[in-house]
Each structure stands twice: as structure tokens, then as C-alpha cells.
Amino acid sequence: MASKFEISATKNGGFRFALKAANGQVISTSQVYKTVVTCKKGIASVKVNALAHIEDQTLEEAEQATLKNPKYELYKDKAGEFRFRLRAKNGQIILSGEGYGTKANCKNGIESIGKNAPDAEVVLIEG
């Protein structure tokens, strides 16, 4: 089984996608889109931007490099977990990661997107 983007309907009538690794594990999920067409455009944007650089926002300001979009923003949430979001060239968030206990695991999640997203199949889940 290869990696894939699965598009599914939300309870509120929108659509979102999940990037799944070959083993079926969810790597990351998208925001909610109004239509399948705009959801597919979001997937196309992730595929194009999957190899963006990482801006580590957990570093002290003096150590922190501010990168231009597209980029991954690696940050620490209020619960103390490490998370990331992928911003497109226009600055819009197109993908978010789950919470990770360590920065290394969060970076592994980002690397997994770079490895899996560019060639992932797009599948519409009915139901």
C-alpha cells in the first residue's frame, strides 16, 4: 500500500483531507474546505510545498531564523507539545500536525510529509 490523501466529508458539509502513510497511519490533516474542488487544490499545494524548510519557533528569538513562505512552522503549544503547520507561499495554513512529545518526533513528522506527499494518490472516501 502506498501513501495517500484521503478526502472525506465533515459533519458540517465541508471536506477535509488526511495524509496517510503506507502503513495507514495518519501523518497530518487539513483545515475544512467548502468543496471537494478546493480540497483537491489544498492537496496540490501540499504536494508542491512538501519539501519546504522548517522555521523553528521554539528557539530563542536571537537564534530564530524567519523564513519566507512556503515553510513549516515548528512550535510548542499551550500543553507543551511540539506541533507544526505548513504555510503555502501566500501564507495560508494548508496542513497541521498532531502534538508530539519531542521536537525530534515532530521533525520526523515533517520529514514524513516530504517523503510521502509528493507522489501520494488522492482518494475520495464515500459515506
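This section describes strand pairing, backbone geometry and the nonpolar core in a predicted model.

Strand β6 (82-87) takes part in two pairings. With β5 (71-76), β6 pairs in the antiparallel sense, and six bridges connect the two strands. Within this pairing, tyrosine 75 is located opposite arginine 83 of β6. Five residues separate the strands of the β5 and β6 hairpin, where glycine 80 adopts a positive phi near 90°.

The pairing of β6 with β7 (93-96) is likewise antiparallel and comprises three bridges. Here arginine 85 of β6 is placed opposite serine 96 of β7. The hairpin formed by β6 and β7 has five residues between the strands, and a positive phi near 90° is found at glycine 91.

A further backbone feature occurs ahead of β5. The loop between β4 (53-56) and β5 (71-76) contains proline 70. The peptide bond that leads from asparagine 69 into proline 70 is cis, and its omega is near 5°.

The largest nonpolar core of the model consists of 27 residues. Phe5, Phe17, Val46, Tyr72 and Ile113 are the residues with the most contacts inside this core. Two or more core residues come from each of the strands β1 (4-9), β2 (15-20), β5, β6 and β7, and likewise from each of the helices α1 (36-49) and α2 (103-116). The strands β5, β6 and β7 of the two hairpins are thus represented in the core. In soluble globular proteins, nonpolar side chains tend to be buried together.

Methods. Residues are numbered from 1 along each chain as its sequence is written. This is a predicted model: local features need pLDDT of at least 70, side-chain atom pairs count only at pLDDT 80 or more; totals for chains, interfaces and linings use all residues. Side-chain values use heavy atoms; hydrogens and water are left out. Helices (H or I, at least four residues) and strands (E, at least two) are DSSP runs, numbered from the N terminus. A nonpolar core is a set of buried Ala, Val, Leu, Ile, Met, Phe, Trp, Tyr and Cys residues joined through side-chain atoms within 4.5 Å. Buried means under 20% relative accessible area, exposed over 50%, partly exposed in between (1.4 Å probe, protein chains only). Two strands pair if DSSP finds at least two bridges between them.
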